[in-house]
Amino acid sequence: MIADFIRSGDLDSALRVFESMKVRTTVTWNSILAGYSKKPGKVVEAREMFDKIPERDTVSYNTLLACYLHNFDIESARTFFDQIPNKDTASWNTMISGFSQNRMMDEARKFFSIMPEKNSVSWNAMVSGYVATGDLDSALELFWAAPFKTVIAWTAIITGYMKFGKVELAEKMFKEMHVKNLVTWNAMISGYVENNKAEDGLKLFRTMWELGIRPNPSSFCSVLLGCSNLSALKLGKQVHQLTSKSVLSSDTTVVTSLISMYCKCGDLQDAWKLFVEMPHRDQVTWNAMISGFAQHGAGEKALTLFNDMRNAGIKPDWITFVGVLSACNHAGLVDIGVQYFNTMQRDYGIEAKVDHYTCMVDLLGRAGKLVEAVSLIKEMPFKPHNAIFGTLLGACRIHKNLDFAEFAAKNLLELDPSSSACYVQLANVYAAMNRWDCVAKIRRSMKDNKVIKTPGYSWIEVGSVVHEFRSGDKLHRDLKVIHEKLNELEKKIKLMGYIPELEYALHDVEEEQKEKLLLWHSEKLAIAFGLIKMPWGAPIRVFKNLRVCGDCHRAIKYISAIEGREIIVRDTTRFHHFNGGSCSCGDYW
């Protein structure tokens, strides 16, 4: 009974049973000691319990040793290890595992080299430790030297290969494995997703399911992240159906991943429905929903939810405040954002990270407070990240401030000379001011430095098939009807007052040609295709790899009114919900 309580984490109930026992064996004492060992911060209580054990055995010593290591008390663990009268292989393995988990691989290697007898646990701990610390060469050296290679060691190497982007080697090792466990499958699936091969991850997940291997929360989290990265809402819903039929239907981690997937795929309504129906929400759940509201421009809802989180007794962390500041940013709540930034450390003890400063520079920059944004950058307690200057440059593009744009570009190129976004953003500023000579210089500089511009493309999911469009696309099989639809729309929206914003066509060509270039922007092509193919009443969801341009933003508002359709566009900055001629961002993005 004590062991059952300990396994379920109910130490108090285990202690009540223990105290009521008239006869206690060493095994009983060790069970209670193990309960203390598993609870963080219970080192003193564990030591007191250990000292009371009438007849200690090696298991007693190893259990307390593990307790020291779990609580990062390395020195006490060393001292105690030396006091163990009869060290067994488990004693040595406990020390090696403890060093590995604390990223002290030099110390782990010393113990490993002098231990009297090694078993598979010893080799696994070393290989896994080296992989975790990023020393793949040492991990491989020991893996191939190991006299016995268990599934744990094989899986660790697969994880290492994926960690370093060596996907083909991971695939080769996976195929060579005679015995695979669920952790192995998860390592491959998550590795694919992390290496921008989400489609391969989803295929492997499907294979795993067909083989009768049932996923755990980690499996679902990886595959849902893959759906998010692909913006594959229909696939995400299919995964949701699988979770609903499993024992994990109410698992907090799985439901949180579903909420995140729905938010990132543009379905805020289903995300909120899941959140409301959850029986238990942890900090990560609240963060996911707050960030979801923020990305969709629902700033007021995000801040209300933040207050609800605090009232529910959930302590916010630094990720919470990234969501809160992002919400203020997208809603243009400058003063409130500044207030949260200033009170974050004072009231919650959270030090501002690069992400928080990036949000603040964006918040101030979008609002036209470029002087304050630059001052904040100069006051940062650490060296600004390239994202900081990229954000400032984007704000300069909006407000056509050439001086600060050149300042931001100079600093960004010093940090990242190959940043195509930097050249393009600066060219945008020059183009907006009709400085075509400077635009030409930027293009020559890109060519001289062999900088390749990231091509703009958009994609839309229609009937479980993702259709991708590039600006000026010439490959899609339905291009003829798409152009016909766009020409029809262009005539209608011009009658409603639409005037093409030619500054967004970064070419020094005749106006008629500029209009055609703007009409064939990737997001417009994807929207036209969606209007043709999607059933009436279904939202048109389009995703773009770059920031949506101002001309497209204006045109889509008109299109949503003419077509009577909801059009949702996600770019690198946020979600835009177009409906009835207006956008959820209020033209502030």
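How many residues lie between β4 and β5 in the hairpin they form? Keep that in mind as you go through these close-ups of a predicted model.

**View 1. The β4–β5 hairpin.** Here is the reply to the opening question: 4 residues sit between β4 and β5 in their hairpin. The two strands pair in the antiparallel sense, with 4 bridges. To find your place, look for isoleucine 568, which stands opposite histidine 577 in β5. Strand β5 covers residues 575–579 and is mostly covered, with 4 of those 5 residues buried.

**View 2. On to β6 by way of another hairpin.** β5 also pairs with β6, again in the antiparallel sense, this time over 2 bridges. Asparagine 579 has serine 582 in β6 as its bridge partner. Just 2 residues separate β5 from β6 in this hairpin, and glycine 580 in the turn has a positive phi of about 60°.

**View 3. The whole sheet, strand by strand.** Step back a little and you'll find 6 strands in an open sheet, running in the order β2-β1-β3-β4-β5-β6 with mixed pairing. At the edges are β2 (465–470) and β6 (582–583), each of which pairs on one side only. For a parallel pair, look at β3 (residues 540–544) and β4 (residues 567–570), joined over 4 bridges. Valine 542 stands opposite valine 569 in β4. As a general reminder, strands of a sheet pair through backbone hydrogen bonds, either parallel or antiparallel.

**View 4. Helix α13 and what surrounds it.** This helix takes in residues 182–194, and its end C-alpha atoms are 18 Å apart, which agrees with the 18 Å expected for 13 residues at 1.5 Å a residue. Is α13 enclosed or open? Because 10 of its 13 residues are buried, α13 is largely enclosed by the rest of the structure. Among those buried residues are Trp185, Met188, Ile189 and Tyr192. Their cover includes α11 (151–163), α12 (167–176), α14 (198–210) and α15 (217–230).

**View 5. The two ends of α13.** At the start of α13, a side-chain oxygen of asparagine 181 comes to within 3.1 Å of the backbone nitrogen of valine 183. Another asparagine, number 196, follows the helix, and its phi is positive, near 60°.

**View 6. Serine 257 in helix α17.** Serine 257 belongs to α17, which spans residues 252–264. With a relative accessibility of 16%, serine 257 counts as buried, since the cut-off is under 20%. Leaving aside residues up to four places away in sequence, serine 257 touches Cys221 and Leu224.

**View 7. Alanine 528 in helix α31.** Helix α31 runs over residues 522–533 and holds alanine 528. How much of alanine 528 is accessible? Its relative accessible area is 0%, so alanine 528 is buried. Beyond residues up to four places away in sequence, alanine 528 touches Ile482, Lys485 and Leu486. Isoleucine 540 lies 12 residues from alanine 528 along the chain, and their C-alpha atoms are separated by 9.5 Å.

**View 8. The nonpolar cores.** The largest nonpolar core has 148 residues, and Ile259, Met289 and Leu392 have the most contacts inside it. Zoom in on isoleucine 259: setting aside residues up to four places away in sequence, its contacts include Ala271, Leu274, Phe275, Met278 and Met289. A second, separate core has 32 residues, including Val548, Ala555, Tyr558 and Ile567.

Definitions and conventions:
Residues numbered from 1 in each chain as written. Predicted model: local features only at pLDDT ≥ 70, side-chain atom pairs only at ≥ 80, totals over all residues. Heavy atoms only, no water. Expected span 1.5 Å × (residues − 1). Buried < 20%, exposed > 50% of the residue type's maximum accessible area, 1.4 Å probe, protein only. Contact = heavy atoms within 4.5 Å. Polar contact = N/O pair within 3.5 Å; in protein donor to acceptor, adjacent residues only side chain to side chain. Pairing = 2+ DSSP bridges. Core = buried A, V, L, I, M, F, W, Y, C linked by side-chain atoms within 4.5 Å.
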